[in-house]
Amino acid sequence: MKLLIVNNLASGFRDGAIYDFMRAFAGDGDEMCVRCIDGETDVAELLSDAENFDAVVAAGGDGTVAAVAYLLAETGIPVLPFPAGTANLLAANLASPAEPHALAKLMREQRLMDFDIGELELANGDAVGFSMIAGAGYDAVIMEGAREAKSLLGPMAYFTSAFANPTPQFSHLTLTIDGETIETQGVGVLVINFSKLQFDISLVHENLPRDGMFDIVVMNTHDALGLIPSVLSCVLDRAGDFPGRPDALEVFRGREVTVVADPPLAVQYDGEVTGTTTPFTARMLPEASRFVVSEECLKLYNDESAAPLTLD
């Protein structure tokens, strides 16, 4: 098998697990090409000949995987999300193992499944992809505050940042969802594809990353304390038995959303701070990304008929 490995050297704890994966995967006739980035090189340059490989391994955090998946959207080229970041939420949502030897076995088995991915058009005209969540406001503030501490604290850096920012910017929000305009207010907006966060907490009741729709959540509160009842309801909903959400979370659904905020709010996607503010537009690309997944993932998303495939 011929693999292209995109390895983000700046992700996570930099423990070199991708090299353990390579040793575990290597077999007679296999070829592995490793291309490294640390935030300077354009990922698109590394994927210019991706069609010449059987699959691409995206080793890094959720932002790295999202960049690779977006650039390969609708090509049918399989992507293995290799969890080498801080939170690795996409791998968790896909029920993928974290251990390199298990991931090597996953790649060899080649179970493939197509998932939705989002396209985010920023105010500066740039377009990026996201697999998990894009948003503006309080979530972007948390991501920015956690950036320096992630290598030391891991996922706890996000909680530390949240506690350090109890009074985020409150804005008037104008959402245009599939052509319909909604006026509301709050400290942030989340555009959700995969919904599960750390500790198996889901922001919305159902995790539906293959239905061609976003869940769009407005944090309709004046401060972080107002979100506490909503966080508790999300915790209680881990077994799927608590569908309600307090009024602090307004939930809409749609295929495309434009968000305007007054005052403007900072924007992030899959944990990556963009350095831009609202407005932004998020568009759904239905089942555009093909991931290498576990058998548990096939069952989780009700696609047990997807048999393991062998690539020529």
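This section describes the buried helix face, the nonpolar cores, two buried strand residues, the cysteines and the salt bridges of a predicted model.

Helix α1 spans residues 17-25, and its buried residues are Ala-17, Ile-18, Phe-21, Met-22 and Phe-25. Viewed down the axis of α1, these buried residues fall within an arc of 150°, so they line one face of the helix. A general property of helices helps to explain such a pattern: an α-helix has 3.6 residues a turn, so residues three or four places apart point the same way. The buried residues of α1 pack against four strands, namely β1 (2-8), β2 (31-37), β3 (55-60) and β4 (79-83), and against helix α5 (100-109).

In soluble globular proteins, nonpolar side chains tend to be buried together. In the present model, the largest nonpolar core holds 44 residues, of which Leu-47, Val-56, Val-68, Phe-115 and Phe-291 touch the most other members. The element that gives the most to this core is helix α3 (residues 62-71), which supplies four residues. The surroundings of Leu-47 illustrate the packing: apart from neighbours within four places in sequence, Leu-47 is in contact with Leu-4, Val-6, Val-56, Val-68, Leu-71 and Leu-72. Another core, of 25 residues, lies apart from the largest one, and its members include Phe-130, Ala-134, Ala-261 and Phe-280.

Two buried residues in strands were examined individually. Val-257 is placed in strand β13, which covers residues 256-262. Its relative accessibility is 0%, and Val-257 therefore counts as buried. When neighbours within four places in sequence are set aside, the contacts of Val-257 are Leu-175, Thr-176, Ile-177, Val-191, Ile-216, Phe-280, Thr-281 and Ala-282. One of these partners, Thr-281, is separated from Val-257 by 24 residues in sequence, while the C-alpha atoms of the two residues are 5.6 Å apart in space.

Ser-171 belongs to strand β8, which comprises residues 171-177. With a relative accessibility of 1%, Ser-171 also counts as buried, because the limit for this class is under 20%. A polar atom of the Ser-171 side chain lies 2.7 Å from the backbone oxygen of Pro-263. Pro-263 also appears among the contacts of Ser-171 beyond four places in sequence, together with Gln-185, Gly-186, Ala-261, Asp-262 and Leu-265.

The cysteines were considered next. A search of the whole structure finds zero disulfides. For Cys-36, the closest cysteine sulfur is that of Cys-33, at 9.6 Å; this is too far for a bond, because a disulfide requires sulfur atoms within 2.5 Å. Cys-36 has a relative accessibility of 35% and counts as partly exposed, whereas Cys-297, at 0%, counts as buried.

Side chains of opposite charge can pair when their charged atoms come close. The model contains 12 salt bridges. In one of them, the side chains of Arg-108 and Asp-30 meet at 2.6 Å, from N to O. Arg-108 lies in helix α5 and Asp-30 in the loop between α1 and β2, so this pair ties together parts that are 78 residues apart in sequence. The two partners fall into separate accessibility classes: Arg-108 is partly exposed, with a relative accessible area of 37%, and Asp-30 is buried, with a relative accessible area of 19%.

A further salt bridge joins the side chains of Asp-211 and Arg-253, with an N to O distance of 2.3 Å. This pair links distant parts of the chain, 42 residues apart: Asp-211 is in the loop between β10 (188-192) and β11 (214-219), and Arg-253 is in strand β12 (residues 249-254). Asp-211 counts as partly exposed at 29% relative accessibility, and Arg-253 is likewise partly exposed, with a relative accessible area of 35%.

Salt bridges that share partners also form one network, made up of Lys-105, Glu-109, Arg-111 and Glu-295. Within this network, the side chains of Arg-111 and Glu-109 meet at 2.5 Å, from N to O. Arg-111 counts as buried, with 12% relative accessibility, whereas Glu-109 counts as partly exposed, with 25%.

Notes
Residues are numbered from 1 along each chain as its sequence is written. This is a predicted model: local features need pLDDT of at least 70, side-chain atom pairs count only at pLDDT 80 or more; totals for chains, interfaces and linings use all residues. Side-chain values use heavy atoms; hydrogens and water are left out. Buried means under 20% relative accessible area, exposed over 50%, partly exposed in between (1.4 Å probe, protein chains only). A polar contact is a pair of N or O atoms within 3.5 Å; within protein, one must be able to donate a hydrogen and the other to accept it, and residues adjacent in sequence count only if both atoms are side-chain atoms. Contact means heavy atoms within 4.5 Å. The arc is that of the directions from the helix axis to the C-beta atoms. A nonpolar core is a set of buried Ala, Val, Leu, Ile, Met, Phe, Trp, Tyr and Cys residues joined through side-chain atoms within 4.5 Å. A salt bridge is a side-chain nitrogen of Lys or Arg within 4 Å of a carboxyl oxygen of Asp or Glu.
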